[in-house]
Structure formats: C-alpha cells, structure tokens
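Let us take a walk through this structure together. Have the sequence and the 3D view ready, and pause wherever you like.

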Amino acid sequence: MSLHIGITPQNLKKSATILATILSNEMTLYVKTRKFHWNISGNSFMELHKLFEDQYRILEANIDEVAERISQLGEKTIGTMKEFIENSTLKESPKEYASQKHMLEELLDNHEQMATELRGFIPAFENENHDIGSADFVTGLLQEHEKMAWVLRRYQV
C-alpha cells in the first residue's frame, strides 16, 4: 500500500536510504560498545563495564527506532551484518583489543562522528526530502550521541 503523507515516493526512498546509513552506524557502534563491555579490564573495570552497558542499551533502542522509522516510510529495512558493514561510515577494528584509554577514545570519536553526520543529514531531510518527521527523529538521535560523547569525554584527562 502506498503512503499518502505529503512526501513523494522518491523523497521517501531518499530518506530511507539515509536512515539505512544511520541504522548501519548505530549497529556498528552497538557491536563495538558490546565488544568493549566484554573486554574491559583495569582499575575502572566495573565503572566502565556498567557505562558501556548503559550505552549499548541506548544504542540498541536507537537501532530498533531507526529500523521502525524506515518501515514507517514504506521501505524494507536492511538486516544482515554484510549490509550493515557495507552501509556504515564507522569502521570496525577486528582482532584488536584496545586498552581502556583507547576504548574510550574510539567510542568518543565514533559518537562525535555520528553527531557530525546526523547534523549533516537533518537539512537533507528537511530541505531536500521535505521529511520533517525524520528530521525531528534524527535530531533526537543527535542529542543522544552528543550526550554519550559528553560522558566519554569526561574520562579524558
């Protein structure tokens, strides 16, 4: 059934394509945060173990919301690791096990990259695709990533 929500089918598809990139980034960051949660060690083990768990739970909720937003726009949602890797702008570090310091730095860098990219997508949703709903939705994601980055940044000395 076609949508009649004031957005052309072409613009719905463009919005869904952007959201697929966002979904892929959220998934990549989720997996990375879980990996760090599982492999953290050192003086602040329990504190960081819990912090990473809190953050991956937020990312897990984001993933579901982004996937549902794509569906709301009438498109199918990608769902394989291959598709996520192909569509993600964030990079993984397979077979690397970072120190606490590098875990924090890498997650901070990724959240800042997410915030920057999300900020750049908002005008495309608003001005090009006339999709104010997705612009508002992505603004909420932007705020989540800014907050997670802020928390991680507080560990930088």
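Lys13 is partly exposed, with a relative accessible area of 47%. Keep in mind as you look around that this is a predicted model. The side chain of Lys13 has a partner: Lys13 and Glu75 form a salt bridge, with N and O 3.0 Å apart. Where do Glu75 and Lys13 lie? Lys13 belongs to helix 1 (residues 9-39), while Glu75 sits in the loop between helix 2 and helix 3 (81-87), so this pair ties together parts that are 62 residues apart in sequence. Glu75 also counts as partly exposed, at 23% relative accessibility. Since the cut-off for buried is under 20% relative accessible area, a value of 23% places Glu75 in the partly exposed class.

How many salt bridges does the structure hold? There are eight, and two others are worth a visit. One of them joins the side chains of Glu53 and Arg57, at 2.7 Å from N to O. Here the partners are four residues apart in helix 2, so about one helical turn separates Glu53 from Arg57. Both residues are partly exposed: Glu53 has a relative accessible area of 22%, and Arg57 has 45%.

The other one links Glu146 with Arg119, whose closest N and O atoms are 2.4 Å apart. Because Glu146 lies in helix 5 (residues 132-153) and Arg119 in helix 4 (residues 100-128), this salt bridge ties together parts that are 27 residues apart in sequence. Glu146 counts as partly exposed at 34% relative accessibility, and Arg119 is likewise partly exposed at 43%.

Stay with helix 5 for a moment and find Ala149, which lies in this helix. Is Ala149 buried or exposed? With a relative accessibility of 2%, Ala149 counts as buried. Now look for Leu108: Ala149 and Leu108 are 41 residues apart in sequence, yet their C-alpha atoms are 5.2 Å apart in space.

Next, turn to the surface and its charges. Which residues form a negative surface patch? Glu60, Asp64, Glu65, Glu68 and Glu144 make up this patch. Helix 2 (residues 45-72) supplies the largest share of the negative patch, namely four residues. Asp64 is a good place to rest your eye, as Asp64 is found in helix 2 and is partly exposed, with a relative accessible area of 43%. A residue needs over 30% relative accessible area to be part of a patch, and Asp64, at 43%, clears that cut-off.

The surface has a nonpolar patch too, formed by Val31, Met81 and Ile85. Together these residues have about 250 Å² of accessible area. Met81 is found in helix 3 and counts as partly exposed, at 43% relative accessibility.

Finally, step back and take in a longer stretch of the chain. The UniProt record, an unreviewed entry, carries the annotation "domain: Ferritin/DPS" for residues 19-154. In the model, this span is 79% helix and 0% strand. The C-alpha atoms at the two ends of residues 19-154 lie 29 Å apart. Follow the chain from one end of that span to the other, and you can revisit several stops of this tour, including the salt bridge between Glu146 and Arg119 and the buried Ala149 in helix 5.

Terms used:
Residues numbered from 1 in each chain as written. Predicted model: local features only at pLDDT ≥ 70, side-chain atom pairs only at ≥ 80, totals over all residues. Heavy atoms only, no water. Patch = residues over 30% accessible without salt bridge, like charges linked within 9 Å, V, L, I, M, F, W, Y side chains within 5 Å. Areas by Shrake-Rupley, 256 points an atom, 1.4 Å probe, with all protein chains shown as cover. Salt bridge = Lys/Arg side-chain N within 4 Å of Asp/Glu carboxyl O. Lys, Arg positive; Asp, Glu negative; His and termini not counted. Charge placed at Lys NZ, Arg CZ, Asp CG, Glu CD. Buried < 20%, exposed > 50% of the residue type's maximum accessible area, 1.4 Å probe, protein only. UniProt positions renumbered as here; feature names shortened; annotations may be inferred.
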